[in-house]
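Please open the model in your viewer and keep the selection panel at hand. The tour below goes from one selection to the next and says what is there.

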Amino acid sequence: MTTDVIANRLTQVALDTVPETVIKPSYNRQALQVGIVHLGMGAFHRAHMAVYTDTLLNLEGGDWRILGVSLRSPAVRDQLQPQQGLYTVAEMQGDTLSHRIIGAVADVLVAPENPQTVLAAMAAPGCRIISLTITEKGYCHDPASGDLNLDNAGIRSDLESCVAAASSTAVDAAPATAIGYLVEALRRRRQAGIEPVTVLCCDNLPENGSTLKKIVLQFAAQCDPSLADWIAERVPFPNTMVDRIVPATLDEDIQRLSAECGYLDKGMVKTEVFTQWVIEDRFAAGRPAWERAGATLVEDVAPFELAKLRLLNGAHSSLAYLGFIAGYPFVHQVMEDNDFCVYLRGLMLDEIVPTLSAPPGMDLVQYVDSLLQRFSNASLRHKTYQIAMDGSQKLPQRLLGTVRDRLQQGAPIEHLALAVAGWARYVLGFDARGEVIEVQDPLVARLQEIGETHFHNIDDLVENYLNLREIFDADLAVDETFKNRVTYWLAHILANGVPTTLRVFLTEKASRAANVGNSESKTEINL
Ligand code: CS2
């Protein structure tokens with residue numbers, strides 16, 4: 001007998017024995033067809049888009065179930081397939097915990113094991129939406145310029161297959177990248193005369209749909225310009241703003257669920273109560289009525305997306321780098337440190353908010369308060385290390401766009417420069433006690449080479465980081481104010497550590513405000 005049987009694994013059959021306190025799908029799952037193929041079955045999708053879709057299926061049914069595709073690892077398939085796609089979303093806030101089982105996922109495929117099945121599903125007439133949560137680096141682009149990275153090994157091999165497919169009829173391409181899958185699926189749809197689909201990007205990229213469209217068109221143009229034209233004309237790529245904090249599931253979360261609800265769910269995800277999804281309403285072949293499930297369908301997502309990327313994600317990355325170096329493994333621990341709270345509030349209110357225009361119906365000062373509360377949610381146990389990953393892909397849209405706008409306005413960038421210095425300190429690859437940090441980033445080799453070569457000369461160190469064109473565009477790299485302030489704060493952190501640096505930062509800020517007499521800052525300094 002396996003442990004799964006002993007522990008009562010969640011399955012379609014076992015649904016009846018799940019306690020009443022757990023919300024379950026009320027629709028006949030098998031009767032509903034797949035209408036969405038989703039690339040990237042990580043925890044975020046399972047706690048966000050799949051939940052909206054499940055809510056809608058509960059309300060009105062519809063052929064909108066989701067076929068998930070994992071582009072690399074079989075882990076999620078191995079978790080969900082024995083559970084017939086069922087999994088639990090645990091919403092956590094303080095001591096309160098609610099559980100809901102999601103039925104929207106029909107199955108999960110692992111792309112490298114079954115590339116042709118994946119492509120066939122993406123090219124099937126029933127597939128009306130192809131959606132993606134593949135993280136920033138999955139787009140194989142240069143985050144500073146938004147262009148496809150033609151040096152990426154996966155892109156190079158996918159381009160070769162694409163050229164071959166465009167010139168012959170019987171090529172079974174096995175793409176390496178999500179972009180390769182998308183273009184090949186769209187090529188097959190066009191060739192077979194199947195109605196175009198909508199490609200729905202749900203990652204934290206600036207103008208995510210438009211960015212993905214540009215990458216896809218650049219790719220397609222390299223192998224078949226007429227395909228690029230067809231995609232440009234026929235396939236919508238709506239922009240979206242996605243928001244929900246979804247930390248990676250820990251073993252202890254699975255054990256807790258098992259202890260509290262009496263079943264084993266290896267695919268469970270944990271999240272906060274808050275959730276938001278703003279979608280540009282531009283679909284080629286219909287869409288689920290997600291507005292009935294709480295999503296906001298709008299004509300223009302840009303202000304929502306910019307506010308979310310710059311405020312939530314910008315502050316998140318800042319607290320992750322500085323917090324990790326300060327010795328805090330979890331986000332809520334950072335928020336328990338008053339100096340951090342004051343700094344983050346100042347970062348958002350003084351330096352980020354002035355670069356934004358408030359999205360319709362949103363008060364940005366209230367939004368900042370709500371973010372500080374959300375970050376303080378101790379029950380999520382969200383690791384600073386998780387957010388610190390892939391900084392080279394995140395910094396441009398989270399912090400550097402704001403820096404650029406502030407510099408153009410001649411406005412101070414002190415908080416932002418400290419955050420960028422926190423990133424530069426983190427990617428050196430050792431913490432305050434000299435312990436190794438396993439930096440996870442597509443540019444890790446170059447980052448660490450720069451760190452090793454220039455560690456003893458901070459000016460050169462910063463200069464070399466700023467010369468990484470994937471992250472810092474040419475104008476920003478030569479901006480003396482930016483370089484100077486990042487160098488200043490990095491030197492401070494290296495000499496004194498993050499906690500002392502933060503204290504000095506806040507003291508200097510308070511005395512500047514006192515000197516001005518009438519504080520320029522909206523932040524309450526609580527020293
Ligand atoms: C986080 C995001 O890991 C990260 O980089 O900043 O995943 C964040 O939790 C979500 O964007 C919240 O919507």
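Select the ligand together with His316, and you will find that an oxygen atom of the ligand lies 2.8 Å from an N or O atom in the side chain of His316; bear in mind throughout that this is a predicted model. Add Asp243, where the distance from a ligand oxygen atom to a side-chain N or O atom is 2.6 Å, and then Arg398, where the corresponding distance is 3.0 Å. To see the rest of the surroundings, extend the selection to the other residues around the ligand, among them Asn204, Val242, Arg244, Ile245, Lys308, Leu312, Asn313, Ile387 and Lys394.

Next, select helix H11, residues 302-325, along with H17, and look at how their axes come within 8 Å and cross at roughly 55°. That angle makes H11 oblique to H17, and H11 passes H17 in a left-handed crossing. On the H11 side the meeting residues are Ser318, Tyr321, Leu322, Phe324 and Ile325, while H17 brings Leu418, Ala419, Gly422, Trp423, Arg425 and Tyr426. By class, this contact of H11 with H17 holds eight nonpolar, two polar and one charged residues.

Keep H17, residues 414-426, and add helix H21, residues 480-496, which packs against H17 at an angle of about 55° with the axes 8 Å apart. H17 and H21 are therefore oblique to each other, and H17 passes H21 in a right-handed crossing. Residues of H17 including Glu414, Ala417, Val420 and Ala424 meet residues of H21 including Phe482, Arg485, Trp489 and Ile493. The contact of H17 with H21 has eleven nonpolar, one polar and three charged residues.

Conventions
Residues are numbered from 1 along each chain as its sequence is written. This is a predicted model: local features need pLDDT of at least 70, side-chain atom pairs count only at pLDDT 80 or more; totals for chains, interfaces and linings use all residues. Side-chain values use heavy atoms; hydrogens and water are left out. Axes are lines fitted to C-alpha atoms, for helices over the stretch in contact, and angles run from 0 to 180 degrees between N-to-C directions. Helices (H or I, at least four residues) and strands (E, at least two) are DSSP runs, numbered from the N terminus. Angles under 35 degrees count as roughly parallel, over 145 as roughly antiparallel, 65 to 115 as roughly perpendicular and the rest as oblique. A crossing is left-handed if the near helix is turned anticlockwise from the far one by less than a right angle, and right-handed if clockwise. Contact means heavy atoms within 4.5 Å. Ala, Val, Leu, Ile, Met, Phe, Trp, Tyr, Cys and Pro count as nonpolar, Asp, Glu, Lys and Arg as charged, and the others, Gly among them, as polar. A residue is near a molecule or strand if one of its heavy atoms lies within 4 Å of it. A polar contact is a pair of N or O atoms within 3.5 Å; within protein, one must be able to donate a hydrogen and the other to accept it, and residues adjacent in sequence count only if both atoms are side-chain atoms.
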